[in-house]
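Welcome! Open your viewer, turn on the cartoon view, and follow along one selection at a time.

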Amino acid sequence: MLQPPPLPTLPSEPIEQEIERLPSATRRLAAQLRLPLAEAAVWEVLTDYESLPSFIPNLMSSRLLNREGSTVLLEQIGSQRFVGLNFTASVRLELEERSQEGILGFRMVSGDFRRFEGAWTLVKTDEGVRLRYELLVQACIGMPIALIEQRLREDLATNLRCVALEALRRAQVAVPCPL
């Protein structure tokens, strides 16, 4: 009897993370990892906007509102439990798909933050691709950015891992089973 293929796992290399504390309740965060995949496989996952909640925890919804060429308008709602309370945030994002450069830039056009912008970047390597996620977030007045900083860092790494695992899963499914 044929055994199902093993579940995909991430390479053992750790996720590299950076955080920069900026004035006015602003944080710049970045995380990256290397994957043994083609850029196109990862790009497909990143731009499958309406499927994102199926593999990114804390993302309740992701709805494509409009597409004009390489510009996309997306509405996302995230929710998580923090210090015993449920915290929900909504953003409308304008995304710029620059597939030839491997850059998916985004910026908030409206939402529950003063500033929310960043990019997913794919860089081809000898072993596959380096996936990097950068975020610049500025909390609204009264939002305790210092208290949620650790949560932001964890979520950034989690989101990166989840995109990577989904890309690995899809690549594995796409490989034909030997007879």
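How much area does the chain expose, and what share of it do carbon and sulfur atoms supply? The chain exposes about 10300 Å², and 54% of that comes from carbon and sulfur atoms. Keep in mind that this is a predicted model.

**Stop 1: the whole chain.** Colour by secondary structure and you will find two helices and eight strands. Walking along the sequence, you meet them in the pattern β-β-α-β-β-β-β-β-β-α. The chain has 179 residues, of which 41% count as buried.

**Stop 2: two hairpins.** Select S6 (103–111) and S7 (115–125). These strands form a hairpin with three residues between them, and they pair in the antiparallel sense over five bridges. Zoom in on Leu104, and you will see Trp120 of S7 opposite. Now add S8 (128–138). A hairpin of two residues joins S7 to S8, and this antiparallel pairing runs over eleven bridges. For one example, select Thr121 and look for its bridge partner in S8, Arg132.

**Stop 3: the nonpolar core.** In soluble globular proteins, nonpolar side chains tend to be buried together. Here, the largest nonpolar core has 45 residues. Show the side chains of Leu35, Val42, Trp120 and Leu131, which have the most contacts inside this core. Next, select helix H2 (145–174), one of the elements that each supply at least two core residues. H2 gives the largest share, ten residues.

**Stop 4: around Val42.** Which residues touch Val42, leaving aside its neighbours within four places in sequence? Select Leu35, Leu37, Leu122, Val129, Leu131 and Ala167 to see these contacts.

Conventions. Residues are numbered from 1 along each chain as its sequence is written. This is a predicted model: local features need pLDDT of at least 70, side-chain atom pairs count only at pLDDT 80 or more; totals for chains, interfaces and linings use all residues. Side-chain values use heavy atoms; hydrogens and water are left out. A nonpolar core is a set of buried Ala, Val, Leu, Ile, Met, Phe, Trp, Tyr and Cys residues joined through side-chain atoms within 4.5 Å. Buried means under 20% relative accessible area, exposed over 50%, partly exposed in between (1.4 Å probe, protein chains only). Helices (H or I, at least four residues) and strands (E, at least two) are DSSP runs, numbered from the N terminus. Contact means heavy atoms within 4.5 Å. Accessible areas come from the Shrake-Rupley method with a 1.4 Å probe; for residues, only the protein chains shown count as cover. Two strands pair if DSSP finds at least two bridges between them.
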